[in-house]
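Me: I should be grateful for a close look at a single part of this chain. Please describe that part in detail and then place it in its wider setting.

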Amino acid sequence: MANKITFIGAGNMASAIIGGLIDSGVAPSTITATAPNDSELASIKQRLGINTDTDNNAAVAEADVVVLAVKPQIMRTVCEALRDSVQRQRPLVISIAAGLDASTIDQWLGGNNAMVRCMPNTPSLVGYGASGLYANAKVSDEQRDVATQLMEAVGIVEWVEEEALLDAVTAVSGSAPAYFFLMFEAMEEAAVKLGLPAATARRLAIQTALGAATMAQQSDKDPATLKQNVMSPGGTTERAIQHMEEAQLRTTIADAMQACSDRAQAMAKELSGE
Ligand SMILES: NC(=O)C1=CN([C@@H]2O[C@H](COP(=O)(O)OP(=O)(O)OC[C@H]3O[C@@H](n4cnc5c(N)ncnc54)[C@H](O)[C@@H]3O)[C@@H](O)[C@H]2O)C=CC1
Ligand SMILES: O=C(O)[C@@H]1CCC=N1
């Protein structure tokens with residue numbers, strides 16, 4: 001891992017990644033996180049033993065890697081204020097902000113930067129993240145490895161070679177935890193109608209999702225085969241799946257993911273000021 005990593009922003013995602021890095025053996029003394037006020041930083045400093053700073057420029061001055069982990073809406077202001085420090089230091093810049101193109105952030109930072117754009121998801125907070133990564137032409141193989149290691153500290157990593165594909169990543173993993181949470185809500189409501197206590201239903205549904213995901217991950221069979229294995233001919237599962245297919249669940253999912261990807265594109269335009 002590179003010598004010095006600075007996180008601009010010390011919120012949920014930054015602290016999840018920092019926690020993962022420390023668990024994977026990175027020395028806390030090599031990590032710095034920034035935020036506008038000391039009270040937020042005090043708790044992360046105490047919990048994780050890292051360096052903290054309320055001055056973004058000072059924190060970037062010696063960094064090999066800068067992770068931009070502020071909300072997309074304030075990214076422009078934050079980057080423009082960092083421009084001189086970044087141009088002087090030339091770190092690898094990794095943005096985890098949703099909906100902001102690498103080229104837009106690069107411009108705000110003065111241009112010609114080695115930029116990685118990452119689309120993470122919230123299960124990164126519990127070490128089960130799934131991140132899509134894209135690198136611009138300035139990023140070296142070594143820097144790619146650094147970005148991979150960084151995001152693998154909180155889950156799995158997939159690289160895409162075209163930035164536009166991050167919109168598809170947003171649809172399949174960035175936003176997707178919410179699809180499964182919706183499924184849990186719906187299953188719990190339906191189970192309550194069938195007579196189960198809500199807490200029992202929730203526990204059973206969540207454990208079933210965990211079990212199905214673990215099986216799908218560990219098995220050499222594809223999801224269609226695993227599904228078929230649950231469906232006894234003329235049995236209960238077959239009836240449930242038949243109902244979902246007739247109700248066009250696949251089309252609903254496809255349409256939802258298309259809408260998600262379309263919104264990612266529109267957000268990129270809005271946020272870049274186009
Ligand atoms: N794909 C996804 O599901 C997710 C993507 N993200 C992306 O990660 C980024 C961070 O999100 P969260 O950690 O959830 O946000 P958060 O609100 O928890 O953290 C933002 C941090 O930025 C700090 N901050 C605000 N102004 C600052 C400034 N001028 N200088 C330095 N720090 C400043 C705040 O104090 C806070 O520590 C966002 O851009 C978001 O789009 C985050 C969560 C999930
Ligand atoms: O909903 C959003 O806009 C962000 C991007 C991916 C997950 N959350």
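Reply: UniProt, in an unreviewed entry, lists residues 163–267 as "domain: Pyrroline-5-carboxylate reductase dimerisation". The model examined here is predicted. Over residues 163–267 the chain is 82% helix and 0% strand, and the C-alpha atoms at the two ends of this stretch lie 14 Å apart.

One helix in this stretch deserves attention, namely α9, which covers residues 198–218. How far apart should the ends of its 21 residues be, at 1.5 Å a residue? The expected span is 30 Å, and the end C-alpha atoms are 30 Å apart, so the expectation and the model agree. Helix α9 is also hardly covered, since the count of buried residues among its 21 residues is 1. A residue is counted as buried here if 20 or more other C-beta atoms lie within 10 Å of its own.

Further along, glutamine 248 is found in the loop between α11 (236–246) and α12 (249–272). Its phi is near 65°, a positive value in a residue other than glycine. Is glutamine 248 buried or exposed? Glutamine 248 counts as exposed because it has 12 or fewer neighbours, with 11 C-beta neighbours inside 10 Å.

Arginine 90 offers a parallel case in another part of the chain. Its place is in the loop between α4 and β5 (92–95), and its phi, near 50°, is again a positive value in a residue other than glycine. With 12 C-beta neighbours inside 10 Å, arginine 90 therefore counts as exposed.

The ligands come next. Ligand 2 is surrounded by Ala98, Thr170, Gly174 and Ser175. By class, its shell has 1 nonpolar, 3 polar and no charged residues. Around ligand 1 there are 26 residues, and the closest are Gly9, Gly11, Met13, Ala97 and Ala98. Helices α1 (12–23) and α4 (72–89) each supply at least two residues of this shell. The shell around ligand 1 divides into 16 nonpolar, 8 polar and 2 charged residues.

Asparagine 56 is listed by UniProt, in an unreviewed entry, under "binding site". Asparagine 56 lies in helix α3 (residues 56–60). With 22 other C-beta atoms within 10 Å, asparagine 56 is therefore buried. Leaving aside neighbours within four places in sequence, asparagine 56 is in contact with Ile8, Thr34, Val78, Ala81 and Leu82.

The nonpolar interior can now be considered. In soluble globular proteins, nonpolar side chains tend to be buried together. In this chain the largest nonpolar core has 56 residues, and those with the most contacts inside it are Val67, Leu68, Ile94 and Val116. Helix α1 provides the largest share of this core, 6 residues. Not counting residues up to four places away in sequence, leucine 68 touches Ile8, Met75, Val93, Ile94, Ser95, Ile96, Ala97 and Ile105.

Finally, the chain as a whole gives the wider setting. Its secondary structure comes to 12 helices and 8 strands, and its C-alpha trace spans about 70 × 40 × 35 Å along the principal axes. Of its 274 residues, 34% count as buried. Among the contacts in the chain with a separation of 6 or more, 65% are between residues 24 or more positions apart.

Methods: Residues are numbered from 1 along each chain as its sequence is written. Chains are lettered from A and ligands numbered from 1 in the order in which they are written. This is a predicted model: local features need pLDDT of at least 70, side-chain atom pairs count only at pLDDT 80 or more; totals for chains, interfaces and linings use all residues. UniProt positions are given in the numbering used here, feature names are shortened, and annotations may be inferred rather than shown by experiment. Helices (H or I, at least four residues) and strands (E, at least two) are DSSP runs, numbered from the N terminus. A residue is near a molecule or strand if its C-beta atom, placed from the backbone, lies within 6 Å of it. Ala, Val, Leu, Ile, Met, Phe, Trp, Tyr, Cys and Pro count as nonpolar, Asp, Glu, Lys and Arg as charged, and the others, Gly among them, as polar. The expected span of a helix is 1.5 Å times one less than its number of residues. A nonpolar core is a set of buried Ala, Val, Leu, Ile, Met, Phe, Trp, Tyr and Cys residues joined through C-beta atoms within 7 Å. Two residues are in contact if their C-beta atoms, placed from the backbone, lie within 7 Å.
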